[in-house]
Amino acid sequence: ARGRGIASELGGYLDLMADVIGYAAVPIGIAAAEQSAHLWMWCAILLATFYVNTMSWTLLSALAERRDRQDQSAVTTTFTMPTALIEGAESIALFTLMLALPRYAQPLFMAMSVGVAVSIVQRVVWAVRNLK
């Protein structure tokens, strides 16, 4: 939509909502198919990192808009947010690997959990440096 000049706030909102649904559905679906207690544990940890990560960038986005701030290190999509290690493209790549190689889901869940945790730390550091 952005490329064709027909982007809208509603479209951006619905796109992000669909992302969040997919981010939950893929790991839950893989864990349900594999029926492993350890995989369910890592699924829960991964979903917890997603939850905290979502709060980290949405809160920063709201603060940036409230302050009418634009930062060179921020990415502008529907919302402005500081960049981080794990974003959309990285998530799609990891989810593709999880779906293609379900027997390796647990180490992939673990790796993605660590990557998302690093992303959270990156945004907290950005907030400490930029929100005085």
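In this predicted model, a good place to start is L14, which is partly exposed, because its relative accessible area of 48% falls between the 20% below which a residue is called buried and the 50% above which a residue is called exposed. L14 is found in helix α1, the stretch that covers residues 9-34. Together with L10, Y13 and M17, L14 makes up a nonpolar patch on the surface, and the accessible area of these residues together is about 420 Å².

From this patch we can step back to the protein as a whole, whose secondary structure consists of four helices and two strands. If you follow the sequence from beginning to end, these elements appear in the pattern α-α-β-β-α-α. The accessible surface of the protein amounts to about 8300 Å², and 66% of that surface belongs to carbon and sulfur atoms. Of the 132 residues, 31% count as buried.

One residue that can be looked at beside L14 is S113, which lies in helix α4, made of residues 105-130. S113 counts as buried because its relative accessibility is 5%, and a value under 20% is what the word buried requires. When residues up to four places away in sequence are left aside, S113 touches W42, I45, L46 and T49.

Contacts can also be considered for the whole chain, by asking how far apart the partners stand in the sequence. Among the contacts in the protein with a separation of 6 or more, 67% come from residues that are 24 or more positions apart.

Methods:
Residues are numbered from 1 along each chain as its sequence is written. This is a predicted model: local features need pLDDT of at least 70, side-chain atom pairs count only at pLDDT 80 or more; totals for chains, interfaces and linings use all residues. Side-chain values use heavy atoms; hydrogens and water are left out. Patches are made of residues with over 30% relative accessible area and no salt bridge: like charges are joined within 9 Å, nonpolar side chains (Val, Leu, Ile, Met, Phe, Trp, Tyr) within 5 Å. Accessible areas come from the Shrake-Rupley method with a 1.4 Å probe; for residues, only the protein chains shown count as cover. A salt bridge is a side-chain nitrogen of Lys or Arg within 4 Å of a carboxyl oxygen of Asp or Glu. Buried means under 20% relative accessible area, exposed over 50%, partly exposed in between (1.4 Å probe, protein chains only). Contact means heavy atoms within 4.5 Å.
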